[in-house]
Amino acid sequence: MLSRKLTMRFYRQSGTDLAKGLIGKVLVHRIEGIDLRGRIVETEAYLGPEDLASHSSRGRTKRTEVMFGPAGHAYVYFIYGMYEMFNIVAGRTGQAHAVLIRAAEPLDGWTADLSGPGKLARAFRITRADNGIDLTGDKLFLLGAPNDRPELAVTKRVGVEYARHWKDAPLRFFDARSPAVSKPRSL
DNA sequence: GCGTCGATGGCA
DNA sequence: GCCATCGACGCG
């Protein structure tokens, strides 16, 4: 089956629906004529300013600016002094929904450990230089996978214990059959 | 196989 | 001071 590039229309779903919908899709980074490719197996949804776990809950700042923009763009930020995190803006413009890509399975015989958001971004060579780029372009983009039928599982998000009543929200999604999912498979 | 902890820098 | 993390280390 021919895989088509995901469109703006697809990215305009709510953060929750996009996070679910991205499981099984293929992430591609075209770099120096080589395509790095991985099958996404784990995501988390962040639901805008009211979501206390989302960076957008602190309002619109230089860092969070792209999250408030149109869907289908990369939001990449730096954390813990050494990791980049790759997110995809979702929903309607101004809604500031986003999906964190947490894990993937490497394709094409690529041997890389993509089990965790820090490791994934590093292996895919995604950095803050990619912040704000349009994911319907030819550099960094996603492909559909028509025959891929992941077994969807849900838990609370990782590392958001500070987020008060949002900390236990069931917004982490993963393919229950994938060995590449990062640590916890239940609450 | 667990829990704990240090690295390391941008951000509000 | 706090982090949407990771890997090294100590335990027994």
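This passage describes the protein surface around DNA strands C and B in a predicted model. Local features require pLDDT of at least 70, side-chain atom pairs count only at pLDDT 80 or more, and totals for chains, interfaces and linings use all residues. Residues are numbered from 1 along each chain as its sequence is written, chains are lettered from A in the order in which they are written, and side-chain values use heavy atoms, without hydrogens and water.

DNA strand C has 20 residues around it; a residue is near a strand if one of its heavy atoms lies within 4 Å of it. Tyr-77, Tyr-83, Asn-87, Gly-159 and Tyr-162 come nearest. Of the strand C atoms within 4 Å of the protein, 63% belong to sugar and phosphate.

Polar contacts are pairs of N or O atoms within 3.5 Å. In one, a polar side-chain atom of His-55 lies 3.1 Å from a base nitrogen of DNA strand C. Phosphate oxygens of this strand are approached by polar backbone atoms of Pro-117, at 3.3 Å, and Gly-118, at 3.0 Å. Strands E3 (74-79), E4 (83-90) and E5 (97-106) and helix H3 (117-123) each give two or more residues to this surface. Helices (H or I, at least four residues) and strands (E, at least two) are DSSP runs, numbered from the N terminus. H3 gives the most, with 4 residues.

The residues around DNA strand B include Arg-58, Arg-63 and Arg-128. Sugar and phosphate make up 59% of the strand B atoms within 4 Å of the protein. A side-chain N or O atom of Thr-61 lies 2.5 Å from a phosphate oxygen. Bases are also contacted: a polar backbone atom of Tyr-80 is 2.3 Å from a base oxygen, and one of Gly-81 is 3.5 Å from a base nitrogen.

Terms used:
Polar contact = N/O pair within 3.5 Å; in protein donor to acceptor, adjacent residues only side chain to side chain.
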